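This report walks through a two-chain model, beginning with the fold of one chain and ending with the contact between the two.

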Amino acid sequence: MKSLVIIVVSAALAAVIPFVGSEYALSFTVQLFVFVALAYSWNLIGGYAGYTHFGQVAFFGVGAYTGALMMDAGFHWLLAAGAAGLSGALLALPLGGAMLRVKGPFFAIGMFGMARVCESFALGFDGITQGGTGLYLTPVTDLKPLYFVLWAIAFGMVVLTWKLDNSRLGIQLLAIREDETAADALGIRTTRLKIGTFVASAIAPAAVGSLYATYLSFIDPATAFAPMTELTTIAMVLLGGMGTTFGPLVGAVVMSVVNELLWSRFPEIYLALVGAVILAVVLFMPRGIVSFAMRRAWWWVPAARSSLRRLASRPAPSRSPKEAH
Amino acid sequence: MPVFELLIAGILLGGLYALMACGLNLVFGVMRIINFAHGDLLAVGALTTVSIVTGLHLPFYVAIVVVPLLTAALGLAMQVLVLRRLADGPMIMSLLATFALSTILVNLSILIWGGGYRGLPGVLGGSVHLLGLDVALSRLVSFLVAMAVTLLVWWFLQSTRFGRAIRSVSQAPELAVINGISIDAVRNVTFALGAAMAGLAGVLLAPTFASDPQLGARFGIKAFAVIIVGGMGSYPGAMAAALLLGVLEVFGGYWFGQVIGSAMLFLVMLVVLLVRPRGLLGMGVRA
């Protein structure tokens, strides 16, 4: 119940911003939505399934380029975003099949390498992508439809994660995270689930990448595949709490505000400072804000897997004598 | 097609990869993490070399001695101040910490040296006649120094008491502790050694390649592909894979252009992951 209240209130607050907020508030929130979608997607594979990796920006970038090229060919930006989401899934399927065979640091950095390969392709095939010059797109005149599509994706991911957190599927993913061999022995189809989650975690980033390209009306390899996007996304999930329903949301909001402050005060050393902030999070708050609040049982924090807990605490149905034997 | 020339060029490049990848692999062995900032230590090494030679007008061999010491100190500081505190936590925390350290190093390097490319004109210029080919002196010297140091470190690991301690920590940390080996000391020394190897690789590539603060991402990631192909934790595996991938990159670049040539390392890595996940000579990657 608390979860639903939090989702509805924050979604409603975010929905009124384009009508009451300034231009600046709008652009800040667009960036925030992009990061919320990225953070929730990463939380699926990294937080729930335990396959943390540094290559999500590959999907973001590939989506951005797919969308940009389609818009260049004259398609509507919404259609382009849909196609971009599909391209993310199509890339993730074979990549997941190969990369998910390894765990831990190998998967994490192997995916980072894949992102760099995608970047070098975007630079190298300059006949299609214009290489380092980048693609310039016709700017959209009205930002509101774009804003609400991003809003829908961001809060769609929140709702999806909330549903997942209270489902059998979510528990199966957690089992993979805790002990994959044991999960396998319990009959969980680990390989299929892992690849499925990986593909699911690639769709929203790719679609959002395309929408971000629409928003900027420009895309180049350095923007599309920026390692900083990756690092910021992961730091948001970590700061909020990995594998929690509201961690990525809290983390994204807090981190975006901190980044915005740092950016306006110290533009020259901004990126180094973001690195330092992330280092501080890793060293001093690795479990994240939401996990911390959950353990302290703060009143506003919904418990993890609340509906499953209710289910589990119901008295067992009385058994018939036949079954007792 | 100049097969022989490409082969030599590939092996010379592979020598540098070997030095870089063996340092990374060594650190992985005792820490069980991949140091993301390894490539950035290399970039700092290369840029410091440029400053020493063109800024301070000192000879190149000064850099060969001084820069590895500097990066070793930097690496030791990273280990003592940050990574040691995370050693017993989940892997993702250490990895993320090295990712953050890498970002900090890159951006501080941009502040110090600027974002542009810097070369070392005139250092080890010219070429030598070797096996009927003209080989650039800078590449030959880089290769020889890199291979010499890589082999020296291998000898150190195989034949000295401390080298055995490093190997025992990487193979069976619990047993190493029971035998009175200080894991902390081994980790500190290994991290410094790995960082020194990265710095030296930076020094050696400065005369041949243009250096910039982003150099680390380009080269460090190749070192990673090398150790996946060679096998995690396997020192000879990394050496062999480095030479192999150097040759592959040069041939790929000749056939398909520079971009695909570099990407080819990763395609090879993917194939190795699919066909033989533990690498050519590895002890297994499901760590």
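In this predicted model, chain B contains 11 helices and 2 strands. Followed along the sequence, the elements of chain B come in the order α-α-α-α-β-β-α-α-α-α-α-α-α, so that the two strands are written after four helices and before seven more in that pattern. Taken along the principal axes, the C-alpha atoms of chain B fill a box of roughly 55 × 45 × 35 Å. A compact globule of 287 residues would have a radius of gyration near 19 Å, and the 18 Å of chain B therefore agrees with that expectation.

**Annotated spans of chain B**

An unreviewed UniProt entry lists residues 6-28, 35-54, 60-83, 95-116, 136-157, 223-248 and 254-275 of chain B under "transmembrane region". Two of the spans named in that record, residues 95-116 and residues 223-248, are set side by side in the table.

| Span in chain B | Distance between end C-alpha atoms | Helix | Strand |
|---|---|---|---|
| Residues 95-116 | 28 Å | 86% | 0% |
| Residues 223-248 | 14 Å | 85% | 0% |

For residues 95-116 of chain B, the end C-alpha atoms thus lie 28 Å apart, whereas for residues 223-248 of chain B the corresponding separation is 14 Å.

**A helix pair in chain A**

Within chain A, helix α3 (residues 56-72) packs against helix α5 (residues 104-124) at an angle of about 25°, with the two axes 8 Å apart. Because an angle under 35 degrees counts as roughly parallel, α3(A) and α5(A) are described as roughly parallel to each other, and α3(A) passes α5(A) in a left-handed crossing. On the α3(A) side, the residues that meet α5(A) are Val57(A), Ala58(A), Gly61(A), Val62(A) and Tyr65(A), while α5(A) brings Met114(A), Ala115(A), Cys118(A), Glu119(A) and Ala122(A). Sorted by class, this contact of α3(A) with α5(A) has 8 nonpolar residues, 1 polar residue and 1 charged residue.

**The contact between the chains**

Which helix of chain A gives the most to the side that touches chain B? The contact as a whole takes 36 residues from chain A and 39 residues from chain B. On the chain A side, α4 (77-99), α5, α12 (227-240) and α14 (270-284) each supply at least two residues, and α5(A) gives the most, with 15 residues. By class, the residues with which chain A touches chain B divide into 25 nonpolar, 7 polar and 4 charged. Helix α5(A) therefore appears in both settings, since α5(A) packs with α3(A) and also supplies residues to the side of chain A that touches chain B.

Notes
Residues are numbered from 1 along each chain as its sequence is written. Chains are lettered from A and ligands numbered from 1 in the order in which they are written. This is a predicted model: local features need pLDDT of at least 70, side-chain atom pairs count only at pLDDT 80 or more; totals for chains, interfaces and linings use all residues. UniProt positions are given in the numbering used here, feature names are shortened, and annotations may be inferred rather than shown by experiment. Axes are lines fitted to C-alpha atoms, for helices over the stretch in contact, and angles run from 0 to 180 degrees between N-to-C directions. Angles under 35 degrees count as roughly parallel, over 145 as roughly antiparallel, 65 to 115 as roughly perpendicular and the rest as oblique. A crossing is left-handed if the near helix is turned anticlockwise from the far one by less than a right angle, and right-handed if clockwise. Two residues are in contact if their C-beta atoms, placed from the backbone, lie within 7 Å. Ala, Val, Leu, Ile, Met, Phe, Trp, Tyr, Cys and Pro count as nonpolar, Asp, Glu, Lys and Arg as charged, and the others, Gly among them, as polar. The radius of gyration is taken over C-alpha atoms; the globule rule is 2.2 Å times the number of residues to the power 0.38.
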